[in-house]
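Me: Please take a close look at one single part of this structure for me. I would like a connected account of that part and of what surrounds it.

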Amino acid sequence: MLLALALPVFLLAGWPLAGYAVAAGAWLAQRGIQVAALRRVARAAQRGDRRAALGTMAGATLGRVWLIALAVLLVGLAEREAGLAAALLSAALFTVYLATEFAVRLLGAQGDSR
């Protein structure tokens, strides 16, 4: 949602679209990695293999962060303003994602205790 709302902001503000494109591509790629990892974790959990489940989550989490960081770094090396735009968009996306995940888990936990 935020990713779609950011495009008009980039266009109206005259910010580099390369920054938007790189941040959007990296964000979508890391979300795909997350979906694949969650499926693998679910299969490992069904088998009772907690070690594989935890290893998959740890590796996927680190990989996702590195993917975003490297994408921002590379676009920033190519064009400084695009790197800043990509970094700001990525930070906003992660902030909204983490806040949403926290709220969903908090509300879910409160709903379970009643």
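Reply: Let's begin with what counts as a helix here: helices are DSSP runs of H or I with at least four residues, just as strands are runs of E with at least two, and both are numbered from the N terminus. This is a predicted model, in which local features need pLDDT of at least 70 and side-chain atom pairs count only at pLDDT 80 or more, while totals for chains, interfaces and linings use all residues. Residues are numbered from 1 along each chain as its sequence is written, and side-chain values use heavy atoms, with hydrogens and water left out.

The part I would pick is helix α2, and A23 is a good way in, since A23 lies in that helix. A23 has a relative accessibility of 1%, so A23 counts as buried (buried is under 20% relative accessible area, exposed is over 50%, and partly exposed is in between, with a 1.4 Å probe and protein chains only). From A23 to G83 there are 60 residues in sequence, yet their C-alpha atoms are 9.0 Å apart in space. Q30 also has its place in α2, and Q30 counts as buried because its relative accessibility is 0%. For Q30 and G14, a sequence separation of 16 residues goes with a C-alpha to C-alpha distance of 26 Å.

What about the helix as a whole? With 31 residues at 1.5 Å a residue, α2 should span 45 Å, and its end C-alpha atoms are indeed 45 Å apart, which agrees (the expected span is 1.5 Å times one less than the number of residues). Its buried residues are G19, Y20, A23, A24, A26, W27, Q30, Q34, A37, V41 and A44.

Two of these, Y20 and W27, bring us to the aromatic contacts. Rings of Phe, Tyr and Trp (its six-membered ring) pair if their centres lie within 6.5 Å; planes under 30 degrees apart count as stacked, over 60 as edge-to-face and the rest as tilted. By this rule there are 4 aromatic pairs. In one of them, the ring centres of F10 and Y20 are 5.4 Å apart with planes at 65°, so that pair is edge-to-face. F10 sits in helix α1 (residues 2–13) and Y20 in α2 (residues 17–47), so the pair ties together parts that are 10 residues apart in sequence. F10 and Y20 are both buried. W27 and Y97 make another edge-to-face pair, at 6.1 Å centre to centre and 75° between the planes. Here W27 belongs to α2 and Y97 to helix α4 (residues 80–112), so parts 70 residues apart in sequence are tied together. W27 and Y97 are buried too. Y20 is also a member of an aromatic cluster with F10 and W15.

Following F10 back takes us to α1, whose buried residues are L3, A6 and F10. Viewed down the axis of α1, they fall within an arc of 45°, so they line one face of the helix (the arc is that of the directions from the helix axis to the C-beta atoms). The face of α1 turned away from this buried side carries the exposed residues A4, L5, L11 and L12. The 12 residues of α1 should span 16 Å at 1.5 Å a residue, and this agrees with end C-alpha atoms that are 16 Å apart. After α1 comes G14, with a positive phi near 75°.

The far end of α2 has a glycine of its own: G48, just after the helix, takes a positive phi of about 80°. Around it, the side chains of R47 and D49 meet in a salt bridge, at 3.8 Å from N to O (a side-chain nitrogen of Lys or Arg within 4 Å of a carboxyl oxygen of Asp or Glu). Side chains of opposite charge can pair when their charged atoms come close. R47 is exposed because its relative accessible area is 57%, whereas D49, at 30% relative accessibility, counts as partly exposed.

The structure holds 2 salt bridges. R105 also bridges to E101, with the closest N and O atoms 3.6 Å apart. R105 and E101 are 4 residues apart in α4, so about one helical turn separates them. R105 counts as exposed because its relative accessibility is 62%, while E101, at 29%, counts as partly exposed.
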